[in-house]
Every structure is written in C-alpha cells, then in structure tokens.
Amino acid sequence: MKFGKRLKQKIEETFPTWRDQFLCYKELKKFIKLISSALPVVAKPTKYGNAEAEFMYMLNNEIDKFNAFFMEQEEDFIIRHKELQQRIKRVTDKWSSNGSRTEYNDEMGEIRKDIVDFHGEMVLFRELQQHQFHGVGKDIEEI
C-alpha cells in the first residue's frame with residue numbers, strides 16, 4: 001500500500017474528525033509529478049517554475065496547518081492531564097477520611113479508565129504526528 005493511502009487509512013481508523021488537519025499528501029504528490037516531469041528552462045518562467053512555486057506555497061501552508069493543530073492538541077492534552085490529576089485529588093480527599101470503600105473504588109476505576117483512554121489517544125496522536133513528518137520527508141525526497 002502506498003504511503004498516502006496508509007496515512008489516510010490511519011487517520012480514518014483513529015480520529016476521522018482530525019482528517020482535515022493533516023497533510024494533503026495526494027495534492028502535494030500531484031505537484032511533485034508535475035515538477036519532476038517538466039524540463040526546466042533557465043531563461044524564462046515555465047510551467048515547471050510555477051508548479052514548483054505552487055508546491056512550496058502549498059507545502060508551507062500544510063506544515064503551518066498541522067503545526068497549529070499539533071500545538072492545539074498539545075494544549076488540550078496538558079489541560080486534560082491536569083483535570084485528571086485534580087479528579088484523583090478530589091476523590092482521594094473525599095474518600096480518605098470517610099466514605100465507602102466501594103464508592104472510592106468505583107470513582108477511581110472511572111478515573112483509571114479515563115487515564116487509559118487518554119494515554120491511548122496520546123499514543124495514536126504521536127503516531128499520526130510521525131506519519132505527518134514522514135509525509136513531508138517523502139514529498140521533499142521526490143523533488
């Protein structure tokens with residue numbers, strides 16, 4: 001399976017709502033094929049020169065787009081991590097001196113589940129981030 005298809009499939013399988021935040025690999029690949037198939041003429045602007053400029057413009061926009069998305073997600077992960085820590089403290093404070101052990105275990109069980117979900121999401125996000133990095137590298141290699 002080609003890289004672009006693997007990237008698209010991975011995004012669709014994990015977080016389809018993030019799909020618009022990731023590299024438009026297929027569109028960039030079209031520009032690469034156009035650039036690599038054209039013979040550059042030094043003396044005047046050509047289809048090649050325009051395609052290369054458009055490719056660089058699009059690539060820079062794509063990098064800016066997913067960089068902003070990654071920073072936004074990172075901020076969200078930091079907030080969610082703090083919220084989980086606060087929940088643990090509240091439950092521990094609430095049930096440490098008085099209260100039912102069963103209720104404490106139930107609430108901590110919910111928090112543990114949320115931590116596992118949070119960790120899984122972070123792992124998937126990291127994997128998608130690496131795919132993005134490799135996608136940009138693949139585009140640059142092909143020029």
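Which residue forms a salt bridge with K89, and how far apart are the closest N and O atoms? In this predicted model, the partner of K89 is D93, and the closest N and O atoms of the pair lie 3.0 Å apart. D93 and K89 are both in helix α3, and because they are four residues apart, about one helical turn separates them. D93 is partly exposed, with a relative accessible area of 46%.

**Salt bridges**

The count of salt bridges in the model comes to seven. Among them are the pair just described and two that involve R80. The table lists these pairs with their N to O distances.

| Salt bridge | N to O distance |
|---|---|
| D93 and K89 | 3.0 Å |
| R80 and D76 | 3.6 Å |
| E121 and R80 | 3.0 Å |

R80 and D76 are four residues apart in helix α3, which means that about one helical turn lies between them. An α-helix has 3.6 residues a turn, so residues three or four places apart point the same way. R80 is partly exposed at a relative accessible area of 23%, and D76 is likewise partly exposed at 30%.

The side chains of E121 and R80 also meet in a salt bridge. This pair links distant parts of the chain, since E121 belongs to helix α4 and R80 to helix α3, with their positions 41 residues apart. E121 has a relative accessible area of 17% and is therefore buried, the limit being under 20%. Through shared partners, salt bridges join D76, R80 and E121 into one network.

**Nonpolar cores**

The largest nonpolar core has 22 residues, and those touching the most other members are W18, F22, L28, F55, F69, F70 and F125. Two or more residues of this core come from each of α2 (25-37), α3 (47-97) and α4 (101-142). Helix α3 supplies the largest share, with nine residues.

The surroundings of F22 can be described in detail. Leaving aside residues up to four places away in sequence, F22 touches I11, E62, K65, F69, F70, L128 and Q132. A second core, separate from the largest one, has five residues, including V91, W95, M108 and I111.

Q73 is placed in helix α3. With a relative accessible area of 8%, Q73 is buried, because that value is under 20%. Apart from residues up to four places away in sequence, Q73 touches W18 and F125, both of which are listed among the core residues that touch the most other members.

**Helix α2**

Is the face of α2 that holds K26 buried or exposed at that residue? K26 is exposed, as are K33 and S37, on the other side of the helix from the buried residues Y25, L28, F31, I32 and I35. Seen down the axis of α2, the buried residues fall within an arc of 125 degrees, so they line one face of the helix. One of these buried residues, L28, is also listed among the members of the largest core with the most contacts to other members.

The length of α2 agrees with expectation. The helix has 13 residues, and at 1.5 Å a residue these should span 18 Å; the C-alpha atoms at its ends are 18 Å apart, which agrees.

Terms used:
Residues are numbered from 1 along each chain as its sequence is written. This is a predicted model: local features need pLDDT of at least 70, side-chain atom pairs count only at pLDDT 80 or more; totals for chains, interfaces and linings use all residues. Side-chain values use heavy atoms; hydrogens and water are left out. A nonpolar core is a set of buried Ala, Val, Leu, Ile, Met, Phe, Trp, Tyr and Cys residues joined through side-chain atoms within 4.5 Å. Buried means under 20% relative accessible area, exposed over 50%, partly exposed in between (1.4 Å probe, protein chains only). Contact means heavy atoms within 4.5 Å. The expected span of a helix is 1.5 Å times one less than its number of residues. The arc is that of the directions from the helix axis to the C-beta atoms. A salt bridge is a side-chain nitrogen of Lys or Arg within 4 Å of a carboxyl oxygen of Asp or Glu.
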